[in-house]
Amino acid sequence: MSLTQADIDREIAERRAAAVPGDHPARDYAPYRSTLLRHPKQPPVAVTDPEAAELTGPVFGVTDVTALDNDLTRQHAGEPLGERITVRGRVTDRHGRPVRGQLVEIWQANASGRYPHQRDDHPAPLDPNFTGVGRCLTGDDGEYAFTTIKPGAYPWRNHVNAWRPAHIHFSLFGTAFAQRLVTQMYFPGDPLFPYDPILQSVTDDRARQRLVAAYEHGLSVPEWSLGYRWDIVLDGPAATWTEEGR
Amino acid sequence: MTPPAPASNRDRSAEGRGTGPTPSQTVGPFYGYALPFPGGGDLAPAGAPDAITVHGRVRDGAGDAVPDALLEFWQADPAGNLAGAPGSLRRDPVTGAVMGRNGVDFTGFGRVATDADGHWALRTLPPGNGHISVCVFARGLLHHLFTRVYLAHDPFLDTLPADRGRTLLAEREREGVYRFDIHLQGEKETVFLDFG
């Protein structure tokens, strides 16, 4: 029997009712069916060693990015189709300290909701002028900025009539490998939010809101682009090494 | 009708979202153009006489290969130094293409996507502290997982729950080649680590 949106809605509601407080999704979140065979069943082992290697982390520098990498609209001969946007924000740690000089990577579908990936068979057009990949290093105040186009929603096969809300994938590094974060940024007011088990896997209402960017009119550029702000707070570890000049 | 002031817009959203960490979301299936890069698993400078290969498969709870996992590695240099160095994704400023590491600095960072058979391989220098840190991302994994590859027995493994320490010990296949499989779930489930 095929799985309907009503089935998934019921499961999402059950999981929300039973949720324990937490900022991150549980890995065993069945409404997102791909989790079933891919989540560990044993609890993770806590490491409290103050000299754990994971309290340090990889570093990146000027050789790792080029000046054009944060403008996804200028990577091809022509201009991509879609609504031009800028996304800006700050990356900070759990204590509000800026994460400086660290790598931010993004990827996204094009304006039609299609990824340039052989396994994306959504019958929406590819855009020869859009790959949908960008990167930059954070500035001294943890700030980052990307120019891109607003991605489209797209269907997937979690259940019948499953659609992902428009989103941009983000990958972030802190000063500690243990602060590593891969996540997704959503756009305010998207009507698909309640139906999406990936977004709804964050069962805490306030934490889930933190995945939604804010439209900020002051960030829009006249005659050019619409502006969104999305600030990112990296979690863990409880004990971070203080690194000067990083 | 007066349009709402932009500031009040921001304040309202700030109220509803609190101040905690940004939640994790799955890497999904379509990161291929963004995250993996040529030579991502080649940490050892070409011709390094002490280079080692660490390789294995990622498997799911049914024992099937996971063909769309992304593994990241972070490790000390052979002297045990954890400072790392920039240049893992060194780019050609003319074309923007990845040029590979400069062959001099040991960056300590690697990134490898599993192949269609769930296999990955890392060519690196032996870590001075005996282990390589691993971060696992995959479609179906809403929050990444940390584990460690130990190349030889380590007292840390004795602190792990009964018998599970061996899941973090790589098997030495031959001189300089180590095997390390990652089981996301099931009887052989790998020990995953939480740094709080």
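**Exercise 1. In this predicted model, find how strands S3 and S8 of chain A are joined, and place them in their sheet.**

Solution.
- Step 1. Start with the two strands. S3 of chain A covers residues 103–108, and S8 of chain A covers residues 167–172. They run antiparallel and are joined by 5 bridges.
- Step 2. Pick one bridge. Val104(A) has Leu172(A) in S8(A) as its partner.
- Step 3. Recall what a bridge pattern reflects. Strands of a sheet pair through backbone hydrogen bonds, in a parallel or antiparallel sense.
- Step 4. Widen the view. The strand order is S4-S3-S8-S9 in chain A, an open sheet of 4 strands with antiparallel pairing.
- Step 5. Find the edges. They are S4 (133–137) and S9 (181–186) of chain A, and each pairs on one side only.
- Step 6. Check the twist. Ignoring direction, neighbouring strands of this sheet are turned by 20 degrees against each other on average.

**Exercise 2. Trace the ring cluster that contains Phe170(A).**

Solution.
- Step 1. Set the scale. Over all chains there are 17 aromatic pairs.
- Step 2. Take one of them. Phe146(A) and Phe170(A) lie 6.2 Å apart, centre to centre, with 85 degrees between the planes; the pair is edge-to-face.
- Step 3. Locate the partners. Phe146(A) is in strand S5 (residues 143–149) of chain A, and Phe170(A) is in strand S8 of chain A. They are 24 residues apart, and the pair links distant parts of the chain.
- Step 4. Test burial, with a cut-off of under 20% relative accessible area. Phe146(A) is at 1%, so Phe146(A) is buried. Phe170(A) is also at 1% and therefore counts as buried.
- Step 5. Move to the next ring. The planes of Phe170(A) and Trp230(A) stand at 70 degrees with centres 4.9 Å apart, so this pair is edge-to-face.
- Step 6. Place Trp230(A). It sits in the loop between strand S11 (226–229) and strand S12 (232–233) of chain A, 60 residues from Phe170(A). Its relative accessibility is 0%, so Trp230(A) counts as buried.
- Step 7. Assemble the cluster. Ring pairs link Tyr144(A), Phe146(A), Phe170(A) and Trp230(A).

**Exercise 3. Which rings do the charged ends of Arg84(A) and Arg180(A) sit over?**

Solution.
- Step 1. The charged end of Arg84(A) is over the ring of Trp224(A), 3.5 Å from the ring centre.
- Step 2. For Arg180(A), the ring is that of Phe173(A), and the distance to its centre is 3.8 Å.

**Exercise 4. Is His159(A) buried or exposed, and what does it contact?**

Solution.
- Step 1. Locate the residue. His159(A) is in the loop between strand S6 (154–156) and strand S7 (162–164) of chain A.
- Step 2. Apply the cut-off: buried means under 20% relative accessible area. His159(A) has 6% relative accessibility, so it counts as buried.
- Step 3. List the contacts, leaving aside neighbours within four places in sequence. They are Leu3(A), Thr4(A), Gln5(A), Ile8(A), Tyr195(A) and Pro197(A).
- Step 4. Add a distance. Arg100(A) is 59 residues away along the chain from His159(A), and their C-alpha atoms are 41 Å apart.

**Exercise 5. Relate the UniProt domain feature of chain A to the local structure.**

Solution.
- Step 1. Read the record. An unreviewed UniProt entry places "domain: Intradiol ring-cleavage dioxygenases" at residues 87–115 of chain A.
- Step 2. Read the model over residues 87–115. This stretch is 41% strand and 0% helix.
- Step 3. Span the ends. The end C-alpha atoms are 19 Å apart.

**Exercise 6. Describe chain B, then analyse its S5–S6 hairpin.**

Solution.
- Step 1. Count elements. Chain B has 2 helices and 10 strands. Along the sequence the pattern is α-β-β-β-β-β-β-α-β-β-β-β.
- Step 2. Get the overall figures. The C-alpha atoms fill a box of roughly 75 × 50 × 35 Å along the principal axes. Of the 196 residues, 54% are buried.
- Step 3. Sort the contacts. Among those with a separation of 6 or more, 66% involve residues 24 or more positions apart.
- Step 4. Pair the strands. S5 (residues 131–138) of chain B and S6(B) are antiparallel over 6 bridges. Ser133(B) stands opposite Arg148(B) in S6(B).
- Step 5. Inspect the turn. The hairpin has 6 residues between S5(B) and S6(B), and Gly140(B) in the turn has a positive phi of about 85 degrees.
- Step 6. Check S6 (residues 145–150) of chain B for cover. Here 6 of its 6 residues are buried.
- Step 7. Split the faces. In a regular strand, side chains alternate between the two faces of the sheet. On one side of S6(B) are Leu145(B), Thr147(B) and Val149(B); on the other are Phe146(B), Arg148(B) and Tyr150(B). Both faces are covered.

Note on methods
Residues numbered from 1 in each chain as written. Chains lettered and ligands numbered in written order. Predicted model: local features only at pLDDT ≥ 70, side-chain atom pairs only at ≥ 80, totals over all residues. Heavy atoms only, no water. Buried < 20%, exposed > 50% of the residue type's maximum accessible area, 1.4 Å probe, protein only. Pairing = 2+ DSSP bridges. UniProt positions renumbered as here; feature names shortened; annotations may be inferred. Axes fitted to C-alpha atoms, helices over the stretch in contact; angles between N-to-C directions. Contact = heavy atoms within 4.5 Å. Phe/Tyr/Trp six-rings, centres within 6.5 Å; stacked < 30°, edge-to-face > 60°. Lys NZ or Arg CZ within 6 Å of the ring centre and 35° of its normal.
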